[in-house]
Amino acid sequence: MQAPASLAGIGRIATGAATLLLDALLPPRCLSCGEAVDRQGGLCAACWVKLSFIAPPLCACCGLPFEYEAQEGTLCGACMAAPPPFTRARAVLAYDDGSRPLVLGFKHGDRIHAAKAYGVWLARAGRELLEDADRLLPVPLHRARLFHRRYNQAALLAQALSRHCGVAATPDLLQRHRSTPTQGGLDRQGRHRNVKGAFRLRPGQSVTGQRLVIVDDVMTTGATLAECARVLLRAGAAQVDVLTLARVVHR
């Protein structure tokens, strides 16, 4: 049953008043550089133009943006040569000099207030993945790394995305039961070896027949995301897709 128009109007007024109060206490700042902006969760013009949002045409599998026009369903050379275990991967931004401050500030700089805005971006970029998804699963951190970092940035993204798309986020369904060294500095093969066998499904849980979307901050080579997808598919998932805030664009 819909709320009476008068109650709906009161709700809008209350929301507007709360927004004004928040803006007065915490003036809106650019998510990247900290300059004043007109609304919470926004970017200044200078930072906005530095971002490279990923849009079609792109690889139907890994989401790599093409530099030329391509028919829908076209695959990049890498996916034709060695198809990844996930069905589709999509990302909001190319990981470059423009997006790096956003990602690193969110991941290591405690700028977790940005998750709300990123959830909106992810919902837009992953619309086709989310239409028939059953659950959102963030890439987990090992408990030792979580203790030092204090939060899992992938879990914050999944929860923010869930609020915008309505698909439930399950932060603890996947577990990283083996601590692994950082992937930084490793080549593609080294990254795959580093995460092999590092993940498992939480005991007592089932994903049989489910369509799952793995959420993370950055896709570099896709090694971590591919390993997570393999675990879920071996456990009986019907399909696994990937959605990230940014991705490295290899040419």
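# Exercises on a predicted protein model

The protein averages a pLDDT of 88, and 88% of its residues score at least 70; pLDDT is the predictor's confidence in each residue, from 0 to 100. Because the model is predicted, local features need a pLDDT of at least 70 and side-chain atom pairs count only at pLDDT 80 or more, while totals for chains, interfaces and linings use all residues. Residues are numbered from 1 along each chain as its sequence is written, and side-chain values use heavy atoms, with hydrogens and water left out.

## Exercise 1: Confidence

Task: State how many contacts residues 11-16 and residues 18-22 have in the model beyond near neighbours in sequence.

Solution. Step 1: a contact means heavy atoms within 4.5 Å. Step 2: over residues 11-16 the pLDDT is below 50, and this stretch has zero contacts beyond near neighbours in sequence. Step 3: residues 18-22 also have a pLDDT below 50, and two contacts of this kind are present in the model.

## Exercise 2: Overall description

Task: Describe the secondary structure, the burial and the accessible surface of the protein.

Solution. Step 1: the secondary structure comes to 10 helices and six strands. Helices (H or I, at least four residues) and strands (E, at least two) are DSSP runs, numbered from the N terminus. Step 2: of the 251 residues, 45% are buried. Buried means under 20% relative accessible area, exposed over 50%, and partly exposed in between (1.4 Å probe, protein chains only). Step 3: the accessible surface comes to about 13400 Å², of which 55% belongs to carbon and sulfur atoms. Accessible areas come from the Shrake-Rupley method with a 1.4 Å probe; for residues, only the protein chains shown count as cover. Step 4: among contacts between residues at least 6 apart in sequence, 70% join residues at least 24 apart.

## Exercise 3: The nonpolar cores

Task: Determine which elements build the largest nonpolar core and how α4 is placed against its surroundings.

Solution. Step 1: a nonpolar core is a set of buried Ala, Val, Leu, Ile, Met, Phe, Trp, Tyr and Cys residues joined through side-chain atoms within 4.5 Å. Step 2: the largest core has 34 residues, and Leu 43, Leu 102, Tyr 118, Trp 121, Leu 161 and Val 213 touch the most other members. Step 3: the elements giving two or more residues to this core are β1 (89-94), α4 (100-108), α5 (115-125), α6 (127-130), α8 (153-165), β5 (211-219) and β6 (239-247). The largest share, six residues, comes from α5. Step 4: a second, separate core of 24 residues includes Val 139, Leu 212, Met 219 and Ala 223. Step 5: in α4, the buried residues are Leu 102, Val 103, Gly 105 and Phe 106, and their cover includes β1, α5, α8, β5 and β6. Step 6: apart from neighbours within four places in sequence, Leu 102 is in contact with Leu 31, Ser 32, Leu 43, Leu 51, Leu 93, Tyr 118 and Trp 121.

## Exercise 4: A residue of helix α5

Task: Decide whether Ala 117 is buried or exposed, and name the residues that it touches.

Solution. Step 1: Ala 117 is found in helix α5. Step 2: Ala 117 is buried, because its relative accessible area is 12%. Step 3: not counting residues up to four places away in sequence, Ala 117 touches Leu 31 and Gly 41. Step 4: Ala 117 and Gln 40 are 77 residues apart in sequence and 8.6 Å apart in space, C-alpha to C-alpha.

## Exercise 5: Backbone angles

Task: Examine the backbone at Pro 57, Asp 110 and Arg 150.

Solution. Step 1: most residues other than glycine have a negative phi, and most peptide bonds are trans. Step 2: the peptide bond from Pro 56 to Pro 57 is cis, with omega near 5°; Pro 57 is in the loop between α2 and α3 (77-81). Step 3: just after α4, Asp 110 takes a positive phi of about 60°. Asp 110 is partly exposed, because its relative accessible area is 43%. Step 4: Arg 150, in the loop between α7 (143-149) and α8, has a positive phi near 80°. Arg 150 is exposed, because its relative accessible area is 56%. Step 5: Arg 150 and Asp 110 are 40 residues apart in sequence and 9.3 Å apart in space, C-alpha to C-alpha.
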